[in-house]
Every structure is written in structure tokens, then in C-alpha cells.
Amino acid sequence: MGRADGANLALYERAKPFDMMLQRWYLDQGVQQIHVGLVSKDGNGVLFVGAGGSGKSTCTLSCALAGYDCLGDDHNGLELSEDGRCVGHSIYNAARVTEDHLRRFPQLAPCEIKPFSEWDHKSMLLLSRIPAIRTAARTEIRAVVMPQVVGEGGCTFQRASKVQTLIALAPSSLRGPLNAGYSGFSNLADFIPRMPCYRLSIGRYVEDIPGCVRSEEH
């Protein structure tokens, strides 16, 4: 697997091209890269936060296929503007998905780019190439949602504490070398108190997710 040939890169590298350089550039512009899904409806953004397997990508893709603008399913930018707004930025056009995602969203299967390397455990989707999905470059963030896959019953929403939400967001978002440390955590600790925070239990039917999210939009 040689980096001299861009066509021979593993999908996890192709999904985040120039990762370190972009992180550095965005930080210089006051934008912190965070590990979240991000969708938007009429300019109102919703962040999905949590550890791997919590349901971030499921929520992002479900909302995107229901008419939300999709900014990214895994890595997006956070900017706290001087006028008090919290702005989300799209960084990458790619989404990495498992076989379970493709079973839940069979309409995405024709756009699947299959892994070919032993280092890859997920397929890749290029969001702008999927006719059913609209993309956006930026949005004003209005709410933060912590999804959890329960697998039974319907989708339910409840308020979550700011502390719970920060704990769900911070570990994976601060893992990278350019996001770690006091300044990165301080930025997140400034952001979360400004947001209404929710916990979303994902039941049997993923098509219920957009309706739950829409009912809690601000």
C-alpha cells in the first residue's frame, strides 16, 4: 500500500485526504475538526455525537435521505464566531459505511465503493454523487443529539445534560494531535452550554429518525 500512488490508498485514507494539512489550515481559520455527524434543514444544523457504533452515521444518513442537507457523517468543523453563533463546516465529501448501514439503506448500495485493502473494514460513499442526497458547505448549529441504538420499539427523544453531551463529544474529537490539549477541550466546553442537548434512542425503524429530529429542531 504505497502513498506514491493515490489510486492505491486504503479507503479510510481516501475518505479524509490531506487530513493533517486540512486540520492545520482550518485551525488557522478558527475552525476545530470534531468527530460528529452533521445535517441541516433550512439552515438549522443538528450535530450527532458519540463513540463509534453509537448511531451517528445511521442518523446522518437517515436524515440526509429524508431531505436534510448533509455536511458529513464523521468529521466536520466547528467555529464559534465572535457574534456568538456556532457554525458547522463540511470538510469531507465521503462517508464510510458498514454492511449494516447498507442493509438499512439499500438505496445507497449502487453508490458503494467497496474496500480492497486489508486495512479497510468499511465501504465508502461519495455523498455528492448520490442523487437522493443534497450537500451543504456550512450551517448554523442549533442542537446536539446523542444517538443510541436500542433496536426495538420506536425512536424516542429526551433531554440530556450538558455534561453527558460533552463527555460523549470530547474523547473522539480530541484524539487527533492537532485537536488535543486544553485549547481544544476549552472550545468544546464553551460550545456545549450554548446548545439544547438531547438523547435519541434509535428503535427498529430508521425511517423514524428524521421525524424525531425534526420535532426537536430549534
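A polar contact is a pair of N or O atoms within 3.5 Å, where within protein one atom must be able to donate a hydrogen and the other to accept it, and where residues adjacent in sequence count only if both atoms are side-chain atoms. The model is predicted, so local features need pLDDT of at least 70 and side-chain atom pairs count only at pLDDT 80 or more, while totals for chains, interfaces and linings use all residues. Residues are numbered from 1 along each chain as its sequence is written, and side-chain values use heavy atoms, with hydrogens and water left out.

**Exercise 1.** Describe the surroundings of N93.

*Solution.* Begin with accessibility: N93 counts as partly exposed, at 31% relative accessibility, a class between buried (under 20% relative accessible area) and exposed (over 50%), with a 1.4 Å probe and protein chains only. Next, leaving aside neighbours within four places in sequence, list the contacts (heavy atoms within 4.5 Å): N93 touches L125, L126, L127 and S128. Finally, look at S128, whose backbone nitrogen lies 2.9 Å from a polar atom of the N93 side chain.

**Exercise 2.** Explain why C70 is in no disulfide, and then examine C197.

*Solution.* Start from the rule that a disulfide is a pair of cysteine sulfur atoms within 2.5 Å. The closest cysteine sulfur to that of C70 belongs to C63 and is 9.3 Å away, which is too far for a bond. For C197, which is likewise in no disulfide, the nearest cysteine sulfur is that of C86, 11 Å away. By this rule the count is zero disulfides. As a last step, consider burial: C70 counts as buried at 2% relative accessibility, and C197 counts as buried at 1%.
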